[in-house]
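Biologist: Could you take me through one part of this model up close? I'd like the cut-offs spelled out as you go.

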Amino acid sequence: MTKFDPNAWWQRDDLCYRDNQLSFAGRDVQQLAHQFGTPSFVYSASRLEANLKRIRQALDAAGLAGRSSIFYAMKANRFAPLLQFFKQTGLCGIDACSPNEVRHALSCGFSPSEISFTATSLSKKDFSELSQYKGMFMDCDSLHAIRSWGELNRNSEIGIRINPGVGIGRACNDKLHYSGCTTTKFGIYREQFEQALELAAEYGLTVRKIHFHTGCGYLNAELDQLDHVIGECMKFVDAAADVRRVNIGGGLGVAHLADDQALDFDRWSAVLNKHFAQRDLHIEVEPGDYICKDAGLLLLGKTFVEQKRDTLFVGVDAGFNIAPEPAYYGLPFQPVPLFIDDLPLSMMTVVGNINEALDVWYENALLPELDKHDYLALINAGAYSSSMASNHCMRGEFSEFLLL
Ligand SMILES: Cc1ncc(COP(=O)(O)O)c(C=O)c1O
């Protein structure tokens, strides 16, 4: 008879079973679920801070202390208390990608000069609103963007988001690649780069930054590719005389499966050191996933357990619409019980309450018999969950809590 593994792979000091009860950020998760109700997202402030500090230390270890910055990609999670907490840490600025995100970041305490803006497909109205924010740095991702920004902000400084034609992302997951084999809308390709520089010059714009974000979720197996991507991007840097800053985007991944290893920051730092140690450049990084994902749990209430043909289904009280990553990108959020007992394990498929075939949280999870369980928690639900939620089937309600 197989029992639940009390040392399951995802456990760490601040997320583990203590006396058989799931503990997160020093709290008993069962009590949190009782107190807060479900569905609820709970985020750990200390884990968020630890993740940010790990990136800071890795930048320092790359020889970039004093000439590197972190801009948190707020698209990953814009919960106001979380942004206010980041502001208090002083560890990062904000990467924003829409006028509303900028307004929200300002309302959470960030100033325009702490915001780096990289968007796609902006309208005239977007450009004119963004022009009000003096001190905010604009990375233009198309000829259209250079023209539109240049008309409103002659003789200023900009960044250019480039597309090196190569990309990086979690293994074998094409949906997470922003550049590579398929032509994408993101950034200016090499063959249009000269034209982009000329266009910038026409408006008196000085190109101070090269920006790229070529994919999401990379882990150790992809670090050689990171080396290659940065190498390709440096060709753009070398072709633009006034560049002083390079933004290498986000994309740092976290472990989702038992076989995933945590990102090796010694190797990550070595890649950055190789490309930037000898160059007089300020380096920016703008992660979202890495900072928030493993700092959040989604607490769900069990609604039923029922065998249908060869599958044992567990129903819960929220569907993929409040945390769409597993359905959209195939990134699993593993379900875990809030306490462990001696009951045998069965394969179960955890499903939500939405009338869509996509609405499967996790297939074939090994879980103990759930008769006595009122709740389940999904791990890795801290990023691209609530921020991407919709009100599909009018089931968009959830609560969020930052645990300090
Ligand atoms: C331009 C840009 N920067 C940063 C990010 C953050 O990426 P991640 O959350 O994978 O670190 C994204 C995400 O898509 C992005 O589009």
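Which residues have the most contacts inside the largest nonpolar core?

Modeller: Sure, with a caveat up front: this is a predicted model, so to speak of local features we need pLDDT of at least 70, and side-chain atom pairs count only at pLDDT 80 or more, while totals for chains, interfaces and linings use all residues. Residues are numbered from 1 along each chain as its sequence is written.

Now the core. Tyr 72, Phe 117, Leu 297, Leu 298, Leu 299, Ala 377 and Leu 378 have the most contacts inside the largest nonpolar core, which has 110 residues. By nonpolar core I mean buried Ala, Val, Leu, Ile, Met, Phe, Trp, Tyr and Cys residues joined through C-beta atoms within 7 Å. Buried means 20 or more other C-beta atoms within 10 Å of a residue's own, with C-beta atoms placed from the backbone. The top contributor is helix H2 (residues 45-64), with 7 residues; helices here are DSSP runs of H or I, at least four residues, and strands are runs of E, at least two, numbered from the N terminus. Domain 1 (15-44 + 294-403) and domain 2 (67-287) each supply residues too, so the core lies between them; those bounds come from an automatic or database domain assignment.

Zooming in on Leu 297, and skipping neighbours within four places in sequence, you'll find contacts with Phe 24, Val 29, Val 42, Ala 377, Leu 378, Ile 379 and Ala 381. Contact here means C-beta atoms, placed from the backbone, within 7 Å. One of those partners, Phe 24, sits in strand E2 (residues 21-24), which 2 bridges join to E3 in an antiparallel run.

Conventions
A residue is buried if 20 or more other C-beta atoms lie within 10 Å of its own, exposed if 12 or fewer, and partly exposed in between; C-beta atoms are placed from the backbone. Two residues are in contact if their C-beta atoms, placed from the backbone, lie within 7 Å. Two strands pair if DSSP finds at least two bridges between them.
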